[in-house]
Amino acid sequence: MKDSQIVGVALAEVLPQTSKPWYQQSHLLKLNLLLLVPLLSSSVAGYDGSLMNGLQSLHQWRAFFGQPAGVTLGLVNAAQSIGSVLALPMIGWLADTYGRRAVLLAGILLVIIATIIQTASVNLPMFVVSRLVVGFCGMFAVHPSPMLIAELAFPTHRGKYTCAFWTMYYLGAILASWTTFGCQNYETDWSWRIPSLLQAGFPLIQLVFWWWVPESPRWLVAQDRTAEAMALLSKYHAGESFDAAGVAVANDQQPSRLVRYEMEEIVQAIQVEKVASATGWGALVSTPGNRRRTLIAFLVGFMAQWNGIAVVSYYLALVLDTIGIRDTFRQTLINGLLQIFNFGAALSAAFLVDRLEVLHCVCGIVGRVLAPHLTKGHSLEEIAVLFDGPQATGGVARERSDADDKKILSDIEHQEHV
């Protein structure tokens with residue numbers, strides 16, 4: 001597929017021209033491998049959902065905690081989501097203030113600690129509290145990760161990587177389901193403590209490789225550390241070496257056209273958002289365009305929560321009971337096979353995002369409505385035009401025309417001749 005169909009004509013013009021695939025270019029290979037670290041964050045949530053399915057199938061877990069059912073079982077399952085909601089108000093501010101990497105590290109460490117508490121539970125209240133802590137701490141890892149991926153990924157890889165983020169949910173689910181399946185014959189408490197303990201598996205892998213994950217160039221620019229951001233983009237997107245002051249290490253060369261284009265986009269996006277930050281909550285419903293955006297954002301969240309997946313994610317054992325499948329072996333086996341199927345389906349969709357036009361549009365619209373900063377630097381402007389037309393609301397967003405992209409390219413070409 002042509003680069004221009006993935007990232008647009010203007011950006012495609014400044015991409016490095018090479019016949020080598022990305023895995024034969026050391027800087028892109030290293031970048032994509034490092035991005036696996038934040039990519040694994042969604043596996044924490046996936047592990048939890050599948051873990052609770054498996055534990056409910058184990059008679060050892062049910063007996064240890066007094067056969068939880070009804071409201072009590074609902075509280076056990078809901079505790080993780082309650083913890084996640086409690087963390088939401090502060091995560092965004094922390095990520096913007098201290099950086100994506102710092103918040104990610106805090107989340108990794110906190111999830112490991114919370115997992116230890118859950119594994120050591122001696123009664124149901126302790127187990128419920130530990131799950132609440134897992135949900136709360138997990139948001140510190142889950143929230144900044146897609147931002148870090150979108151802001152670091154190479155332009156032609158960004159769509160696949162951002163769509164693959166929640167695909168890793170099922171990777172965690174696979175580990176949880178098959179661990180539970182393998183421990184079902186242990187008659188001791190370790191039949192459920194081992195699966196609980198392994199919830200720290202992916203965070204431990206992340207912790208080992210976190211030290212090499214670079215900070216978001218967008219966050220660096222927002223902190224007036226532009227030279228560091230340019231050095232980072234030059235290193236991972238163009239394979240060039242610049243120091244933190246923006247000076248070429250090898251010679252007196254200028255940053256590549258791609259890096260300069262990306263820097264222009266980032267700076268423009270931050271300027272637009274600074275203006276937008278002065279807008280109050282009333283702007284959500286102040287114009288027809290904003291009302292449509294707000295409605296879509298609400299409906300996406302509503303449908304995601306009420307599509308029925310939660311029943312299968314947390315109450316599969318009870319569902320299977322109703323159709324006569326009650327033995328632990330078959331319940332845990334079905335849970336494991338279901339997660340493998342889900343992972344394959346989700347991964348296929350993620351890799352087809354740039355090839356299926358409808359899927360691409362859906363992912364692009366949803367992503368840009370809910371989190372403009374996760375996509376290209378001018379996504380806020382594009383989505384404003386999509387809903388409002390050229391007369392975007394509040395003077396904040398404006399139509400981004402071909403002339404805007406040409407201006408950036410013209411500025412870059414002018415710099416090359418100076």
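**Close-up legends**

**View 1. Met-303 and a nonpolar patch.** Met-303 sits in helix H18 (residues 288–305); helices here are DSSP runs of H or I with at least four residues, strands are E runs of at least two, and both are numbered from the N terminus. Met-303 also helps make a nonpolar surface patch of about 690 Å², together with Leu-295, Phe-298, Leu-299, Phe-302 and Trp-306. To join a patch, a residue needs over 30% relative accessible area and no salt bridge; nonpolar side chains (Val, Leu, Ile, Met, Phe, Trp, Tyr) are joined within 5 Å, like charges within 9 Å. Areas come from the Shrake-Rupley method with a 1.4 Å probe, and for residues only the protein chains shown count as cover. Keep in mind that this is a predicted model, where local features need pLDDT of at least 70 and side-chain atom pairs count only at pLDDT 80 or more, while totals for chains, interfaces and linings use all residues. Residues are numbered from 1 along each chain as its sequence is written, and side-chain values use heavy atoms, with hydrogens and water left out.

**View 2. The whole chain, for orientation.** Zoom out for a moment and you have 23 helices and zero strands. Of the 418 residues, 48% count as buried, meaning under 20% relative accessible area; exposed is over 50%, and partly exposed is in between (1.4 Å probe, protein chains only). About 20000 Å² is exposed, with carbon and sulfur atoms supplying 66% of it. Among contacts (heavy atoms within 4.5 Å) with a separation of 6 or more, 76% involve residues 24 or more positions apart.

**View 3. Arg-100 between two acids.** Arg-100 makes a salt bridge with Asp-96, with the closest N and O atoms 2.9 Å apart; the rule asks for a side-chain nitrogen of Lys or Arg within 4 Å of a carboxyl oxygen of Asp or Glu. Asp-96 is partly exposed at 45% relative accessibility, whereas Arg-100 is buried, at 2%. Arg-100 also bridges to Glu-151, and here the closest N and O atoms are 3.0 Å apart. That second pair ties together distant parts of the chain: Arg-100 belongs to helix H8 (residues 100–119) and Glu-151 to helix H10 (residues 144–152), 51 residues apart. Glu-151 is buried too, since its relative accessibility is 9%.

**View 4. Arg-225 and Glu-228, and the salt bridges overall.** The side chains of Arg-225 and Glu-228 meet in a salt bridge at 2.9 Å, N to O. Both ends count as partly exposed, Glu-228 at 30% relative accessible area and Arg-225 at 32%. Back in the previous view, shared partners join Asp-96, Arg-100 and Glu-151 into one salt-bridge network. The total comes to six salt bridges.

**View 5. What surrounds Ser-50?** Ser-50 lies in helix H5 (residues 42–57) and is buried because its relative accessible area is just 2%. Leaving aside residues up to four places away in sequence, Ser-50 touches Ala-173, Ala-176, Ser-177, Ser-313, Asn-335 and Gln-339.

**View 6. Two annotated transmembrane stretches.** An unreviewed UniProt entry carries "transmembrane region" annotations, including residues 67–95 and 161–181; positions follow the numbering used here, feature names are shortened, and such annotations may be inferred rather than shown by experiment. In the model, residues 67–95 are 90% helix and 0% strand, with the end C-alpha atoms 41 Å apart. Residues 161–181 come out at 86% helix and 0% strand, and their end C-alpha atoms are 30 Å apart.

**View 7. Two loop residues with positive phi: Gln-67 and Asp-224.** Most residues other than glycine have a negative phi. Gln-67 has a phi near 55 degrees, and its place is the loop between helix H6 (59–64) and helix H7 (70–98). Asp-224 has a positive phi of about 65 degrees, in the loop between helix H15 (217–222) and helix H16 (226–238). Buried or exposed, where does Asp-224 fall? Asp-224 is exposed, with a relative accessible area of 70%, while Gln-67 is partly exposed at 48%.

**View 8. Where the predictor's confidence drops, residues 367–400.** The pLDDT, the predictor's confidence in each residue from 0 to 100, averages 80 over the protein, and 77% of the residues score at least 70. Over residues 367–400 the pLDDT is below 50, and beyond near neighbours in sequence this stretch has 75 contacts in the model.
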